Amino acid sequence: MKIVIIVPTYNERENIVPLMTKLKEQFRHIAHDMHILVVDDNSPDGTGEVVRKETEYNKNVHLLSGSKMGLGAAYIRGMRYALGELKADVVFEIDADLSHKPSDVPQMVAALEDGADFVIGSRYVVGGSLPVEWGLLRRLISKVGNIVARYLAGMYKIRDCTAGFRAIRASLLKCIDLGNLRVQGYAFQVALLHRALMLGAKVREIPVDFIDRTHGKSKLGLSDIVEFIINAWWIRLQSSRTFIKFVIVGASGIVVNLGFFTLFIEQGLSKFLASPIAIELSIISNFLLNNYWTFQWRQAGDSVHVKGLKFNAVSILSLGLSYGMFVGLSIMYPKAVPQVHQLLSIAPALLTNYFLNSYWTFKKGANVVGHHAEERQKDDNGNRFGRKLDTLELPDLTLKLSDRESSRL
Ligand SMILES: Nc1nc2c(ncn2[C@@H]2O[C@H](COP(=O)(O)OP(=O)(O)OP(=O)(O)O)[C@@H](O)[C@H]2O)c(=O)[nH]1
Ligand SMILES: [Mg+2]
């Protein structure tokens with residue numbers, strides 16, 4: 001296999017040579033055609049010049065220079081070059097600042113040889129770690145970022161979604177329209193992983209220790225963080241028709257709730273009676289829409305009667321929560337318009353309704369899993385990654401746990 005290790009650099013002059021030396025040491029233990037591709041954005045500190053000199057007497061070192069447009073843009077440029085010009089079979093992502101240990105590369109290559117399509121040098125599987133020097137805030141930022149990616153972008157099965165140490169099979173990468181990821185900065189890592197998962201890639205996480213950089217500065221900026229969050233929401237919206245439908249149903253529930261509430265109090269009904277009736281009406285309209293539209297494909301599982309009973313239980317709980325909040329707000333802020341109390345009290349009812357109904361009343365039936373298994377079978381028989389990206393729910397993933405993790409189970 002031809003393996004190209006892509007190293008994005010921006011002002012990494014002090015780090016790049018030690019990294020390349022350590023990588024080349026590892027190459028001696030790997031029985032593949034190993035290359036290094038440095039993607040430098042005309043670093044003002046002269047990183048590119050140092051690498052250019054290296055390319056003069058080392059045929060396996062390549063330099064791609066360009067203007068600074070962000071980490072994601074640099075990786076996209078590098079991956080296109082690795083696939084198109086260098087004809088790579090596998091590309092690696094690695095940071096230049098020695099945060100990722102080159103000594104982990106052979107293990108990641110072994111995981112590819114073992115059949116994985118996408119290998120992650122993971123800090124969050126058992127055996128992986130964050131730098132001991134990192135304070136609480138730095139750890140928190142990293143963990144929150146990862147939680148956002150896992151749960152908001154819907155990749156909860158992956159422990160380290162934001163890792164920048166990865167090995168990706170070219171056959172998988174060629175099926176991903178890199179230009180279409182619409183990301184410039186660090187959000188690239190999450191966007192790319194998400195596409196790989198959508199294509200049914202076999203992802204494997206290998207535990208790694210992340211080392212704190214000793215030279216140079218972090219390039220993570222505010223715009224990267226903003227893009228990261230927007231991208232996670234975008235993936236969430238795109239990858240879940242269910243979620244979009246739920247938001248629409250939720251919005252219609254608010255109209256029903258407030259509409260009836262206003263109607264009832266205009267008719268002279270006490271606001272304390274109008275509130276629960278309006279809530280109940282909106283819960284019923286939400287249920288009907290969710291049953292026949294949002295979750296219509298989850299018709300397996302319980303019978304309609306059982307679903308009805310569960311729905312009633314959820315409704316009573318939601319009603320209690322919502323009404324309790326309405327009464328509480330009315331007592332605490334008696335001068336406020338009652339519609340404001342009613343609006344605020346919708347939130348707990350909506351959330352309780354969605355989560356309980358989604359994960360309990362309308363939980364995914366066995367046939368859905370079977371559907372995905374069938375699809376995967378089709379992929380395995382034909383073009384594994386050739387499936388069109390019109391399946392908006394994430395497929396069930398064939399994930400291999402790291403060795404240490406599976407031995408723990
Ligand atoms: N070519 C290029 N490389 C970049 C850009 N931004 C970051 N990098 C490189 O991407 C890698 C990761 O960036 P870091 O600044 O180390 O980000 P980080 O690891 O989240 O931050 P630290 O933990 O503080 O190191 C490094 O090799 C950077 O030089 C960019 O805009 N262009
Ligand atoms: Mg770093």
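This is a guided tour of a predicted model, with stops at the surroundings of a ligand and at two helix pairs.

Begin by selecting ligand 1 together with the 20 residues around it, and look among these for Pro8, Ala74, Ala96, Ser218 and Lys219, which come nearest to the ligand. Then colour strand E1 (2–9), strand E2 (33–40) and helix H3 (71–84), since these are the elements that give two or more residues to the shell around ligand 1. If you colour the shell by residue class instead, you will find 7 nonpolar, 5 polar and 8 charged residues around ligand 1.

Next, select helix H9 (residues 241–266) and helix H10 (residues 271–294), whose axes come within 8 Å and cross at roughly 150 degrees. Because angles over 145 degrees count as roughly antiparallel, H9 is roughly antiparallel to H10. The crossing of H9 and H10 is right-handed, and the contact of H9 with H10 has 14 nonpolar, 10 polar and 2 charged residues.

Keep H10 on display and add helix H12 (residues 338–361), where the axes of H10 and H12 come within 11 Å and cross at roughly 35 degrees. Here too the crossing, that of H10 with H12, is right-handed. To view the contact itself, show Lys271, Ser275, Ile279, Ile283, Asn286 and Asn290 on the H10 side, and Pro338, Gln342, Ala349, Asn353 and Asn357 on the H12 side. Coloured by class, the residues of the contact of H10 with H12 divide into 4 nonpolar, 6 polar and 1 charged.

How values were computed
Residues are numbered from 1 along each chain as its sequence is written. Chains are lettered from A and ligands numbered from 1 in the order in which they are written. This is a predicted model: local features need pLDDT of at least 70, side-chain atom pairs count only at pLDDT 80 or more; totals for chains, interfaces and linings use all residues. Axes are lines fitted to C-alpha atoms, for helices over the stretch in contact, and angles run from 0 to 180 degrees between N-to-C directions. Helices (H or I, at least four residues) and strands (E, at least two) are DSSP runs, numbered from the N terminus. Angles under 35 degrees count as roughly parallel, over 145 as roughly antiparallel, 65 to 115 as roughly perpendicular and the rest as oblique. A crossing is left-handed if the near helix is turned anticlockwise from the far one by less than a right angle, and right-handed if clockwise. Ala, Val, Leu, Ile, Met, Phe, Trp, Tyr, Cys and Pro count as nonpolar, Asp, Glu, Lys and Arg as charged, and the others, Gly among them, as polar. A residue is near a molecule or strand if its C-beta atom, placed from the backbone, lies within 6 Å of it. Two residues are in contact if their C-beta atoms, placed from the backbone, lie within 7 Å.
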